[in-house]
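This report describes a chain, its two-part division, its sheet and the surroundings of its ligand. Please view the structure below before reading on.

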Amino acid sequence: MGAIFRDVLKKLEACHHGGGLDDVRLDFSTSLNPLGPPPSILESLRSLNNFDLSSYPDTDSSTVCEEIAEHLNLSNDEILLGNGASELLFMIPLISIEAGDIAIIPSPTYGEYSHSVLMMGGEVCRHELKRENNFRMDLDSFKHDIETIKPKLVFLCNPNNPTGEYLGREEVLDILETCRTTDTLLVIDEAYADLSAKKWCSDDLIENGNLIIVRSLTKSFSCAGIRIGYLIATREIVLALKAVKIPWNVNILAQKVAITLTKEIDYLRGGVELVEREKAYLADELKRLSLNPIASDANYILVDLEGRSAASLNEKLLAKGIYLRDCTSFGLPAFVRIGIRNHEDNLRLVEALDESLKEW
Ligand SMILES: Cc1ncc(COP(=O)(O)O)c(C=O)c1O
């Protein structure tokens, strides 16, 4: 049977993700807007009729792109919609990676970047973020790697999942300029940026030409079940991506919801305020329980269990219906990531942690 598979499959196995567990009542393993979905999502789904359901959706999601373009002050053809940010991230190596090409990826970070590169026969060069530096990016050393390796692609998760650092505009510009000198395509994944109090506007940076910015509406508006993401880039890049895109990639439900969400920008403000308040509460409580949270600019907190097993803590919590993100698949088996939820849920987490740690 082996003969029917490509060689690169030897390096690949299914990525680990949260969600889908029956016993979980409170899922802290995903990091979504703690306000939950805005009510307008259900209204827009209710407005669907039989004609909508039996027609193919617009393959280019043109109306959604127009709405987003107007909002961001970009042109329609600088936007591409995806079935979640994930689909878009997997499309990028299709236009850029030939067998043997190198991508630099900070580590730890979101696992799908390396997966998408390896699938195309590319090679991944990890840039280690160091624990002793709280996993903060050392900009000089990162730029040095880019300058010496001259990779085809660089992925930057901003804010970084799972460490929570959000690089500012000057730092990103510095990386972008370095990538320009090495003819490297920089991919910035802003899946969690909307829920950061430090959010800054990066839209104009695509003019540089060697940049793709990917965003996820599923995190910002807590609608992971619907799957909507978009990217912004130059027309040339968007055109290349359209050449490899699966037809009708965004279904009619997701397109309807996306149009509604472009009018819900104010909803994000409430989400960010709640995240900030609850993040401070949880960080204090975690310290009180003698746990070691790492400062985060995002809507999740990475916690260092100092040598103890994340899997065994999760097992104890799961017996109480609570689930955290065991960070083993990030290469951090003694760390958990906690998505910030509302106060009531966070109180229950603290109680459950208190009890579980006593028995641990
Ligand atoms: C950093 C990052 N980017 C992208 C995604 C995928 O987002 P979406 O749900 O829009 O596919 C995730 C999901 O966990 C993520 O953590």
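## Ligand, domains and sheet

Around the ligand lie Gly-84, Ala-85, Ser-86, Tyr-110, Cys-157, Asn-161, Asp-189, Ala-191, Ser-216, Thr-218, Ala-224 and Gly-229; a residue counts as near a molecule if its C-beta atom, placed from the backbone, lies within 6 Å of it. The model is predicted: local features need pLDDT of at least 70, side-chain atom pairs count only at pLDDT 80 or more, and totals for chains, interfaces and linings use all residues. Residues are numbered from 1 along each chain as its sequence is written.

Helix α4 (residues 84-96) gives the largest share of the ligand shell, 3 residues. Helices (H or I, at least four residues) and strands (E, at least two) are DSSP runs, numbered from the N terminus.

An automatic or database domain assignment divides the chain into domain 1 (2-37 + 266-359) and domain 2 (40-264). Their centres, taken over C-alpha atoms, are 23 Å apart. To the contact between them, domain 1 contributes 33 residues and domain 2 contributes 30 residues; two residues are in contact if their C-beta atoms, placed from the backbone, lie within 7 Å. On the side of domain 1 that touches domain 2, the elements giving two or more residues are α11 (265-288) and β10 (300-304). The largest share of that side, 7 residues, belongs to α11.

The table sets out two groups of residues by class. Ala, Val, Leu, Ile, Met, Phe, Trp, Tyr, Cys and Pro count as nonpolar, Asp, Glu, Lys and Arg as charged, and the others, Gly among them, as polar.

| Group | Nonpolar | Polar | Charged |
|---|---|---|---|
| Shell around the ligand | 5 residues | 6 residues | 1 residue |
| Side of domain 1 that touches domain 2 | 19 residues | 9 residues | 5 residues |

Strands of a sheet pair through backbone hydrogen bonds, either parallel or antiparallel. Here, an open sheet of 7 strands follows the order β2-β8-β7-β6-β5-β3-β4, with mixed pairing; two strands pair if DSSP finds at least two bridges between them. At its edges are β2 (79-82) and β4 (123-128), each pairing on one side only.

Strands β7 (residues 211-216) and β8 (residues 229-232) run antiparallel and are joined by 4 bridges. Val-214 stands opposite Leu-231 in β8. Helix α4 packs on the sheet, where it touches β2, β5 (153-157), β6 (185-189), β7 and β8, and its direction makes about 160° with that of β7. Axes are lines fitted to C-alpha atoms, for helices over the stretch in contact, and angles run from 0 to 180 degrees between N-to-C directions. Helix α7 (residues 169-181) also packs on the sheet, touching β5, β6 and β7, and its direction makes about 155° with that of β6.
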